[in-house]
Amino acid sequence: LVPIRLPGLITEAIRYAGNAVTFMSIFIIGLNLAGMEIKTLIKDKQSYGYIIFRQILIPIAFMMVMKQFISDPAILGAFTVSLAVPVANMPSIMGRVNGCQLESLTKVTVMTTFFSVITMTFVMIVVMG
């Protein structure tokens, strides 16, 4: 996007840092999941409601409202799909730092990531349809 070229050393450092962040996020989720039974993850009905609300209803409602103000379908679609992405790992990280109860944060992080294959596909179909 910008015609400025960074030196190779800086580019490689940024790439390595990005790879480390991805690994650490997965590591933290695994660490939080280690003490949890999978059955509790699957049986948590509140998480399913959150997923439907957060990853389907909010993006679609946003799209319907913002259609009035954004005329470019690509921009509207990009904003809408960005609202459908799974919950990031930051709540779990901050919860661990602040000594919060991590089970519900971890459940939502894992469940939204798992179901994002379905929910994001659905939102994409609505955006493109």
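## Overall fold

The protein has 6 helices and 0 strands, and this is a predicted model. Reading from the N terminus, the elements go α-α-α-α-α-α. The radius of gyration comes out at 18 Å, well over the 14 Å that the globule rule gives for 129 residues, so the protein is more spread out than a compact globule.

For a feel of the dimensions, the C-alpha trace spans about 50 × 45 × 25 Å along its principal axes. Take the contacts between residues at least 6 apart in sequence: 74% of them join residues at least 24 apart.

## Surface and charge

How much of the protein is buried? Of its 129 residues, 26% are buried. The exposed area is about 9,100 Å², and carbon and sulfur atoms supply 74% of that.

On the charge side, there are 9 positive and 5 negative charges in the protein. Average the positions of each set, and the two means sit 3 Å apart.

## The Phe pair in helix α1

Searching the whole structure turns up 3 aromatic pairs. One of them is Phe-23 with Phe-27: the ring centres are 6.1 Å apart and the planes meet at 25 degrees, so the pair is stacked. The cut-off behind that label is that planes under 30 degrees apart count as stacked.

Both residues belong to helix α1, which covers residues 8-33. Phe-23 and Phe-27 are 4 residues apart, or about one turn of the helix.

Are these two rings' residues buried or exposed? Phe-23 has a relative accessible area of 52%, so it counts as exposed. Phe-27, at 44% relative accessibility, counts as partly exposed. The line between those two classes is drawn at 50%.

## The aromatic cluster

Which geometry does the pair of Phe-114 and Phe-115 adopt? This aromatic pair is edge-to-face, with 5.1 Å from centre to centre and 90 degrees between the planes. Phe-114 is itself exposed, with a relative accessible area of 59%.

The pair also belongs to a wider group: Tyr-48, Phe-114 and Phe-115 form one aromatic cluster. So the aromatic pairs include a stacked one, Phe-23 with Phe-27, and an edge-to-face one, Phe-114 with Phe-115.

Technical notes
Residues numbered from 1 in each chain as written. Predicted model: local features only at pLDDT ≥ 70, side-chain atom pairs only at ≥ 80, totals over all residues. Heavy atoms only, no water. Helix = DSSP H or I, 4+ residues; strand = E, 2+ residues; numbered from the N terminus. Rg over C-alpha atoms; globule rule 2.2 N^0.38 Å. Buried < 20%, exposed > 50% of the residue type's maximum accessible area, 1.4 Å probe, protein only. Contact = heavy atoms within 4.5 Å. Areas by Shrake-Rupley, 256 points an atom, 1.4 Å probe, with all protein chains shown as cover. Lys, Arg positive; Asp, Glu negative; His and termini not counted. Charge placed at Lys NZ, Arg CZ, Asp CG, Glu CD. Phe/Tyr/Trp six-rings, centres within 6.5 Å; stacked < 30°, edge-to-face > 60°.
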